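Colleague: Could you walk me through the empty spaces in this one, and then through some of the helix packing?

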Amino acid sequence: MNETQGYSAEYAALNHEIYNLTRQLEAKEKEYRDSTAADRYDPFKNPTEYRWYRDDYSEILPWVTMPEFSVPFEPAKVEKAAIRRFYNIGGLTALFRFIFSELMAGILSTGLTALLTKMNPGASSTAVSHYMTMGAIFVAINMFTFLAANVGFAFIGLKWAKIKPSSLLKTRDYHVSDAIMHCLAGLFIWIISAYISTGIEDIVSKYGFSTDVLDLDMGKTGLGIAIMTIYSCLIAPITEELFFRGTLMKIFSKSNQRFGIVISAVFFGLAHGNLPQFMLAFLLGLFLGHIDMRHNSIVPSVVVHIFINSMVTVIDQFRDNDVIMGLISLGIIVCAIAGLAMLLMFRKESKFPVSTPAQSRRGIAIAKTSVALIAAVVIQVIYLVLLIMMTKK
């Protein structure tokens, strides 16, 4: 081997050694970055939150992955703006859904009333209204309106917030035993909220008002009952959970899971348009949000919602049968006692998310500055109050 070949061999060996050292340094550097960077899925180090439900916080704060970076106690202006953007998206989505559903229901009702009046010129307006209410027309309008509103704005909100719809169905650790536990616990919450609603009605009635602002005496024909049953027991539970626990809760939970559960429950209550159902929907909504986060899916809340609505539908159908109602009441009492035990067991195993002090600065503190969120809540509250005011005797 000549001198040139010797130098070439030494040069190759040296290059190989440099390459190995470079790879080792890069590995050490990566290890250091990983050990000192904040966890993008748990930047607040909150053990009470559900890690699998979290989104990548670098969407809010891009430099959260930088070495030795930690999320500040007080959010900076840029971080506030990013969080507020999601709150505005959630607020506008809820507000547009409310406006759309009210306008659509009004337009369809007015249009069909005019059509029926034209087709039956000799019928009075009272007769036409009675026909629409007692038959299948009004319940069909109700079903179509809220089906379109819930599903349409659910996907609009998800697309707006750049959330994949598939993320709402990545169910984990969910079994038949969990479904039974959740349904019984939900039944207990339904009974408690019913007593609270009765108490509120008693207080309101002393001042000459009523919380009974909805005409629920409708759909008495065979077709009307069938449509009402399908809507109440299937369509409403699925589409409402898609919108409130799916879209809204996911959007509002970007930096604070507790806030996401509570505010989505508030909108769920307001969407029902009357005070008694607000109490039921709000209290039940807190529980439904909790179980969905626990299992990373809207499937658990859909199951409970179907169970509660189906039970209410059965009770309504046998309300005039004292014997059957007696048996149903006895069964409800037994199940409610079991439900209390199931609720306590669930809460012991799965704690309700608690906000860290830093997260509290990113929940209601920023929500108060979200114009769209505040407008969505205020407008629906005013609407609810006006409905009650119109019942003044």
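Colleague: How much space lies in the largest cavity?
Modeller: This is a predicted model, and in it about 90 Å³ of space lies in the largest cavity.

Colleague: Which residues lie nearest its centre?
Modeller: The largest cavity is lined by 14 residues, and those lying nearest its centre are Glu49, Arg54, Tyr57, Lys254 and Ser255. Sorted by class, that lining has five charged, five polar and four nonpolar residues.

Colleague: OK, and how many cavities of 30 Å³ or more are there?
Modeller: The count comes to four, and the second largest cavity has a volume of about 50 Å³.

Colleague: What lines that second one?
Modeller: The residues lining the second largest cavity include Tyr53, Ser167, Leu168, Arg245, Met249 and Lys250, and from further along the sequence Asp292, Asn296, Ser297 and Ile298. Helix α6 gives the most to this lining, with three residues, and by class the lining has four nonpolar, three polar and three charged residues.

Colleague: Switching to pockets, what about the second largest one, how much space is in there?
Modeller: About 230 Å³ of space lies in the second largest pocket, which is lined by 16 residues, with Arg54, Asp55, Ser167, Lys170 and Lys250 nearest its centre. Its lining has nine charged residues, along with four nonpolar and three polar ones. Arg54 is also among the residues nearest the centre of the largest cavity, while Ser167 and Lys250 are also among those that line the second largest cavity.

Colleague: Now α6 again, how do α2 and α6 cross?
Modeller: The axes of helix α2, residues 77-119, and helix α6, residues 222-252, come within 8 Å and cross at roughly 155 degrees. Angles over 145 degrees count as roughly antiparallel, and α2 and α6 are therefore roughly antiparallel to each other.

Colleague: Which residues meet there?
Modeller: From α2 the contact has Phe86, Tyr87, Ile89, Gly90, Gly91, Thr93, Ala94 and Arg97, and from α6 these meet Phe243, Phe244, Leu248, Ile251 and Phe252. By class, the contact has nine nonpolar, three polar and one charged residues.

Colleague: Lots of rings in that list, so how many aromatic pairs does the structure hold?
Modeller: It holds 12 aromatic pairs. One of them is formed by tyrosine 87 and phenylalanine 252, a tilted pair with 5.9 Å from centre to centre and 50 degrees between the planes.

Colleague: And how many residues apart are those two?
Modeller: They are 165 residues apart, tyrosine 87 in helix α2 and phenylalanine 252 in helix α6, and the pair thus links distant parts of the chain.

Technical notes. Residues numbered from 1 in each chain as written. Predicted model: local features only at pLDDT ≥ 70, side-chain atom pairs only at ≥ 80, totals over all residues. Heavy atoms only, no water. Axes fitted to C-alpha atoms, helices over the stretch in contact; angles between N-to-C directions. Helix = DSSP H or I, 4+ residues; strand = E, 2+ residues; numbered from the N terminus. Parallel < 35°, antiparallel > 145°, perpendicular 65-115°, else oblique. Contact = heavy atoms within 4.5 Å. Nonpolar A, V, L, I, M, F, W, Y, C, P; charged D, E, K, R; others polar. 1 Å grid on protein atoms, 1.4 Å probe; cavity = no way out; pocket = protein on both sides within 12 Å on 5 of 7 lines; lining within 4 Å. Points joined across faces, edges and corners; volume = space filled by probe spheres on them. Phe/Tyr/Trp six-rings, centres within 6.5 Å; stacked < 30°, edge-to-face > 60°.
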